[in-house]
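The following exercises are to be solved with the sequence and the structure at hand. Each task is followed by a solution in steps.

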Amino acid sequence: MADLLAGKTALILGVANKWSLAYAIAQAFVREGGKLILTYQGERQKATVQELGQELSPDTEVLACDVTIQQELDNVVNTLRAGHAKLDVIVHSIAFANREDLSRPFVETSRDGYLLAQEVSAYSLVAVARAFAPLMTDGGSILTLSYLGAVRVIPNYNVMGVAKAALEASVRYLAHDLGPVNIRVNAISAGPVKTASARAVKDFSKMLDGVAANAPLRRNADPAEVADTAVFLASNLGRGVTGNVIYVDAGFQIMGLPTAAQEQSHDR
Ligand code: NAD
C-alpha cells in the first residue's frame, strides 16, 4: 500500500484478540508503515496481546492499561516519556457494560450498571485524551469507535447506546479543546461485527441479519473497512476532519424504513 503512516507512532487501546476491531486497525496501520504501541486490560490478556503484537511487527511495544485505573494510565505515560516516545495517533477501542444490561429492558438499568458503562465506554476517552495529548507534540489524531445505538434505539443495546451518545458528545468537546494544538478527535461508527464484546448484546446475530437485508450495500461492513477509515483519519489525508462521526456500516444508518418492507410494498 501507500505508507500513509510512515514515521507515525500509534497507541492502540482495545486489542483483546484477533477479532477485535482494534486488531484490524493495528494490521492496517502496520501495512501503512506505522509503529505500534498496544495496551492490554489485565494479566489475563497479557500473553495474547504480546503474541499478537509480535506477529504484527517485532518492534511493537506492549503495556498494561486498564482505563478505570488512573495509576495504569499514568504508568503508560511515564514509560513512554522515559523512552522519549512521541505519539501521533491514539485509537480508543474500548467499551464495557454488564451483560444483564444488554438483554433486559433499558428501564431496568441499575445505577451501578449505568455508571460502569459510562466510565469504561465514555469517560475513558476523556481520561485517555487528558493523559496522552501532551505526548502528541506535533499534533495528531485521536479516534474512537461508536455505534448507531448512540443516536437511534437499537433493542438490547440499551445502556451502551446511552454511553455511546456520551462518547460522541465527548468527541466534539475534545475536538474543540484540542484543535488549537492540532490534535483531531473523531469517531468511527461501525456497523455490527461479531467480536467478544458484541456477543454480549442479546440477539446480536439478528442485528447482523437486519443490516445484511436492509443496508444499501446489502451486506455487513467488514473490520478491514473500519480499519481503512481509521487509516484515513490517522493519516495526513484526514487533516481537515475533526469532531466528526464517520459511519462505516454499508450505509445502514441512512435508512428510514427497512428495505424488506419497501420491497414487499412494491410486490403489492
Ligand atoms: P472487543 O471485545 O474485541 O474489544 C473491546 C475491548 O475493550 C477489549 O480489548 C477489552 O479489553 C477492552 N476493555 C474493556 N474494559 C476495559 C478497561 N477497563 N480497560 C481497558 N480496556 C478495556 O470488541 P470490539 O467489538 O472490537 O469493541 C471495540 C470497540 O468497538 C468498542 O468501543 C465497541 O463498542 C465498538 N464497536 C463495536 C461494534 C461491533 O459490532 N463489534 C460496532 C460498533 C462499535
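**Exercise 1.** Determine whether His-84 is buried or exposed, and state where in the chain this residue is found.

*Solution.* Step 1: the model is a predicted one, and the cut-off for an exposed residue is a relative accessible area over 50%. Step 2: the relative accessibility of His-84 is 72%, and therefore the residue counts as exposed. Step 3: His-84 belongs to the loop that runs between α3 (70-82) and β4 (89-92). Step 4: its backbone has a phi near 55°, which is a positive value in a residue other than glycine.

**Exercise 2.** Carry out the analysis for Ala-250: is this residue buried or exposed, and what is its phi?

*Solution.* Step 1: a residue is buried if its relative accessible area is under 20%. Step 2: Ala-250 has a relative accessibility of 9%, so it counts as buried. Step 3: the loop between β7 (245-248) and α8 (259-267) contains Ala-250. Step 4: although Ala-250 is not a glycine, its phi is positive, at about 60°.

**Exercise 3.** Establish how many residues of helix α1 are buried, and identify them.

*Solution.* Step 1: helix α1 comprises residues 21-31, a run of 11 residues. Step 2: eight of these are buried, and the helix is accordingly described as mostly covered. Step 3: the buried residues are Leu-21, Ala-22, Tyr-23, Ala-24, Ile-25 and Ala-26, together with Ala-28 and Phe-29. Step 4: just after α1 comes Gly-33, whose phi is positive, at about 90°.

**Exercise 4.** Describe the surroundings of the ligand: where does it sit, and which residues are closest to it?

*Solution.* Step 1: the ligand is located in the largest pocket. Step 2: it is surrounded by 28 residues, of which Ser-20, Gln-41, Val-193, Thr-195 and Ser-197 are the closest. Step 3: sorted by class, this shell holds 16 nonpolar, 10 polar and two charged residues.

**Exercise 5.** Find which atoms of Gln-45, Asp-66 and Val-67 form polar contacts with the ligand.

*Solution.* Step 1: the cut-off for a polar contact is a pair of N or O atoms within 3.5 Å. Step 2: Gln-45 contributes a polar side-chain atom, 2.8 Å from an oxygen atom of the ligand. Step 3: Asp-66 also uses a polar side-chain atom, which lies 2.9 Å from a ligand nitrogen atom. Step 4: in Val-67, a backbone N or O atom lies 2.9 Å from a nitrogen atom of the ligand. Step 5: on its own, the ligand has 830 Å² of accessible area, and the protein covers 94% of it.

Methods:
Residues are numbered from 1 along each chain as its sequence is written. This is a predicted model: local features need pLDDT of at least 70, side-chain atom pairs count only at pLDDT 80 or more; totals for chains, interfaces and linings use all residues. Side-chain values use heavy atoms; hydrogens and water are left out. A residue is near a molecule or strand if one of its heavy atoms lies within 4 Å of it. A polar contact is a pair of N or O atoms within 3.5 Å; within protein, one must be able to donate a hydrogen and the other to accept it, and residues adjacent in sequence count only if both atoms are side-chain atoms. Accessible areas come from the Shrake-Rupley method with a 1.4 Å probe; for residues, only the protein chains shown count as cover. On a 1 Å grid over the protein atoms alone, a cavity is a set of points where a 1.4 Å probe fits but cannot get out, and a pocket is an open set with protein on both sides within 12 Å along at least five of seven lines; lining residues have an atom within 4 Å of a point. A molecule sits in a cavity or pocket if more than half of its atoms lie within 2 Å of its grid points. Ala, Val, Leu, Ile, Met, Phe, Trp, Tyr, Cys and Pro count as nonpolar, Asp, Glu, Lys and Arg as charged, and the others, Gly among them, as polar. Buried means under 20% relative accessible area, exposed over 50%, partly exposed in between (1.4 Å probe, protein chains only). Helices (H or I, at least four residues) and strands (E, at least two) are DSSP runs, numbered from the N terminus.
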